[in-house]
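User: Could you take a close look at one part of this structure and tell me how it sits in its surroundings? I'm at the bench rather than the keyboard, so please explain the terms as you go.

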Amino acid sequence: MLENDVSAPAMNTTIYLKEYQVPDFLISQVDLEFVLSPDNTRVKSRLKVTRNGAHDRALTLCGEKLTLISVAINDESVAADAYEQTDMSLKLPAVPNEFELVIETEIAPQQNTELSGLYRSSGNYCTQCEAEGFRRITYFLDRPDVLAEYRVRIVAPKAACPVLLSNGNPVAQGDGPDGLHWAQWHDPHPKPSYLFALVAGDLQFIEDQFTTMSGRDVALKIYTQSAYINKCAHAMASLKRSMAWDERVYGREYDLDIYNIVAVDDFNMGAMENKGLNVFNTKYVLADTDTATDADYEAVESVIAHEYFHNWSGNRVTCRDWFQLSLKEGFTVFRDQEYSADLGSRAVKRIQDVQVLRAFQFKEDSGPMAHPIRPDSYQEINNFYTATVYQKGAEVIRMLHRLLGADAFRRGTDLYFADFDGQAVTTEDFVHALERASGVDLTQFRRWYSQAGTPIIKVEQHFGDGVLTLSLQQSCPDTPGQTDKLPFHMPIEVALFSPDGKKLVAQTLSFNQAEQQFRFDNLACKPVVSVLRYFSAPVKLEYKQSNADRLHLIKYEDDGFVRWESMQQLCLAMIQPALTTGELDPRAYQRVRDAFEALMTDPNPSDKAVLAEMLTLPPAAYIAELASRVDPAAISAVRDRCIERLAKDLEKYFHALYADNNTALDTDAQSLAARRMLKNRALFYLVETGQTAYYALASHQYHAASNMTDRLAAFTALVQSHYPDRDALISDFYETWQHEPLVLDKWFAIQAMRPSSEALREVEDLLHHSDFTLTNPNRVRSVLGAFSGNLAGFHRLDGKGYALLVDYVIKLDQINPQIAARLVSSLNSWRRFTEPYASRMRTELARLNMVSQLSSDVREVVSKALS
Ligand code: 0A1
Ligand code: ZN
């Protein structure tokens, strides 16, 4: 090979939905025995295998990073020359139609830094098998359409691992020789291998109990390290609420005697719905008022619910293949969103969910990795746990719910669960069940599953002779591999308001043509039109609404989402022109200023949390998403300018708002949290005035706070401002919280998100901090993830932010490719940036692409970004 070999990087293989084939063999019974040891864990797997259909093909099992010890068929050892082994598989050419296969392998959980398969976290053993981690434990048909009944025996030293857990119900346990002990588990519900789990270690638990609607008692346990055990009560209460909600709203009952949750420090995602044994990132279990914010409490509530809801939407009825991921994820996210909406403020939940969709999903749709909620192909499935599959998937289910109505939707889900219980099915099976139960034709609606991209809806209105005509036009931009999209079927929620604020009409428009007109008759005078109420479809609206109409809706709409959205539009009308002119239009500014004032002086604000959201300018990332070319410096400059002026001009109102909401008047937790949100929004603006008195106010709040919400809000406002004692404050926070990893993550993230070009230097220091490590995903996300989302700090004219990110992606790829690939995606949208940012981003992507040893995860993202 030449010394300067610049040959093209290795190609990944692509898997296509259209090539799906049923498995050649089925496995109905799995017996596993684990003898745990950090560097050489023995796994003995006994499988009942049957040929699926008439063929004479070989049995090819998946397996990665396994040391094969032995193979036996029907108790007869298979010689090494009778099978073929590769890095990825074990092939047994001539096998009987029905047989027992015993395979022994050895694995090294201590060396497993990818956190997929069996690994160690804080000295304990745990597993992560979705999507393809089970093949890193033993050779198997590691695909979701092979469902088996599992029996698991775990053997481990009793002193180091007093707790031994697996899926299903406990069967037996006992002591062995040499300080060992064992436990046996049985899961009666057939499941795919991705739902397998094992946990072993020195863990404490809290316990509770739930009686199901048919009167069965379920033991509930949450396990974690002893240091965290007093922070699990909120998660337990959330679990019980989720169980009751799923019975009430979907008629779904839990189906084992025991429900175990384990919280670990090192986890690639949020949590995992393994049957009867959920494994969680500590971030989504632990909460107490000293260390968790109100937002953290809500996140725990929703993730606990999400994993619990998977017991039916995912586990009892599972996916045929990974292209169907949204079958379980879109539906389960919709279910957890509705659960949270029922529990708290529905409007705020909707606003926050739309913000997430716009910040992450719209970006995917406009980038090189754009895919439909049911992708057609992938190289690395781990790259497809995306905002599109999850959040847009949930929006698609939400539209079905709206088009069918709650009752028909529920009849449809009942039919779906009844017909497909115990099976691995497709999104088509789901849609068809809804169709059968409701009689609604969803032929056109199915395009949401196959077409990528965010539709753009143009709205025009005409009024004359008491008739309002609304003209809607839809289009959808081309995405990689997809051009000339066909019209979608979507519900557009509309309401008409009279000049004195009365709601005249509220209606769901069934919009399914490229262009369509809707008539409203017998109107006494021209109404104000509210379109896309509740954000009834995941689209971008192009609607030249007058500012007067927006102000009318802010005042009179009863849908909190539209009130908030109208305020966002007023803000965008102030920000967007200034991005090119560099000047704030005084009238546009005045309108926002006056609207803020009116909101803050409203004696009866309907919902304080909605108000807090309305007093927040559109995030920089959303302004970037809407721009035809992204100029990060211009966006930051204009946005900062607006904040500073609003802060100064409205100081007395922010101060009053702060004072009014700084008392603990309310008794219920939800109103208290809403007051805190509003008060801390006011505090943010007060600090932005740069006045010493407000620095002092925030510093006082930081030191005197009785909860992390208030403490962190004050800390964030000060650290991200020009506060002169910033360094001392950062040290104080560190000294106080250095032993609480989840709080320390916030400390890292808030600094990495500092909206200034200074962020790079600080991030370089943070990366060398003794508490920084590349082996913990939460810590990596807190520094590198937070930094890559920092528009002002990451995007620099010299491109040094990009270079730093790529340096670390290269290092991290050797340790944890899944997390490395997620970090690279922040460079995906390089084409949308102005120069020199675009070229600098591309240069760094090209440098990354030249690394010869990239994982398939990073390779897929970088090659698609450059193509
Ligand atoms: N199914 C989980 C998400 C999840 C996916 C992959 C994982 O490891 C690579 C872990 C968790 C959920 O939706 O909660
Ligand atoms: Zn999920």
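Analyst: Glu 565 sits in helix H10, which covers residues 560-581. Helices here are DSSP runs of H or I with at least four residues, strands are E runs of at least two, and both are numbered from the N terminus. What you see is a predicted model, in which local features need pLDDT of at least 70, side-chain atom pairs count only at pLDDT 80 or more, and totals for chains, interfaces and linings use all residues. Residues are numbered from 1 along each chain as its sequence is written, while chains are lettered from A and ligands numbered from 1 in the order in which they are written.

Glu 565 is buried because 24 other C-beta atoms lie within 10 Å. The cut-offs are 20 or more other C-beta atoms within 10 Å for buried, 12 or fewer for exposed, and partly exposed in between, with C-beta atoms placed from the backbone. In space, Glu 565 is 8.4 Å from Ile 351, C-alpha to C-alpha, although 214 residues separate the two in sequence.

Next, helix H4, which runs over residues 346-365. Its 20 residues reach 26 Å from the first C-alpha to the last, close to the expected 28 Å at 1.5 Å a residue; that expectation is 1.5 Å times one less than the number of residues. H4 bends by about 35° at Arg 358, where a bend is the angle between axes fitted to the seven residues ending at a residue and the seven starting there. H4 is largely enclosed by the rest of the structure, because 14 of its 20 residues are buried.

Another buried glutamate is worth a look. Glu 844 belongs to helix H26 and counts as buried because it has 23 other C-beta atoms within 10 Å. Its C-alpha is 9.4 Å from that of Leu 804, which is 40 residues away along the chain. Setting aside neighbours within four places in sequence, Glu 844 contacts Gly 799, Tyr 802, Ala 803, Val 806 and Leu 827; a contact means C-beta atoms, placed from the backbone, within 7 Å of each other.

H26 also packs against the buried residues of H25, as do helices H22 (777-788), H24 (800-813) and H27 (856-866). In H25, 8 of the 8 residues are buried, so this helix is largely enclosed by the rest of the structure. Among those buried residues are Pro 817, Arg 822 and Val 824. In the loop between H25 (817-824) and H26 (837-849) you will find Pro 836, and the peptide bond leading to it from Glu 835 is cis, with omega near 5°.

A second cis peptide bond joins Glu 130 to Ala 131, with omega near -5°. Ala 131 lies in the loop between strand S11 (124-128) and strand S12 (148-157). Glu 130 also appears at the ligand: 15 residues surround ligand 1, and the closest are Gln 128, Glu 130, Asn 268, Met 269 and Met 272. A residue counts as near the ligand if its C-beta atom, placed from the backbone, lies within 6 Å of it. Strand S20 (271-272) and helix H2 (294-309) each supply at least two residues of this shell. By type, the shell divides into 4 nonpolar, 7 polar and 4 charged residues. Here Ala, Val, Leu, Ile, Met, Phe, Trp, Tyr, Cys and Pro are nonpolar, Asp, Glu, Lys and Arg are charged, and the others, Gly among them, are polar.

Some loop residues have unusual backbone signs to check. Asp 484 has a positive phi of about 50° without being a glycine, and it lies in the loop between strands S26 (467-475) and S27 (490-497). Asp 484 counts as exposed because it has 6 C-beta neighbours inside 10 Å. Lys 65 is also not a glycine and has a positive phi of about 55°; it is partly exposed, with 17 other C-beta atoms within 10 Å.

Finally, confidence. pLDDT is the predictor's confidence in each residue, from 0 to 100. The chain's mean is 97, with 99% of its residues at 70 or more, and the model scores ipTM 0.99 and pTM 0.98. Over residues 1-6, however, pLDDT stays under 50, and the model has 1 contact beyond four places in sequence for them. Where pLDDT is low, the predicted coordinates should not be read in detail.

Note on methods:
Contact = placed C-beta atoms within 7 Å.
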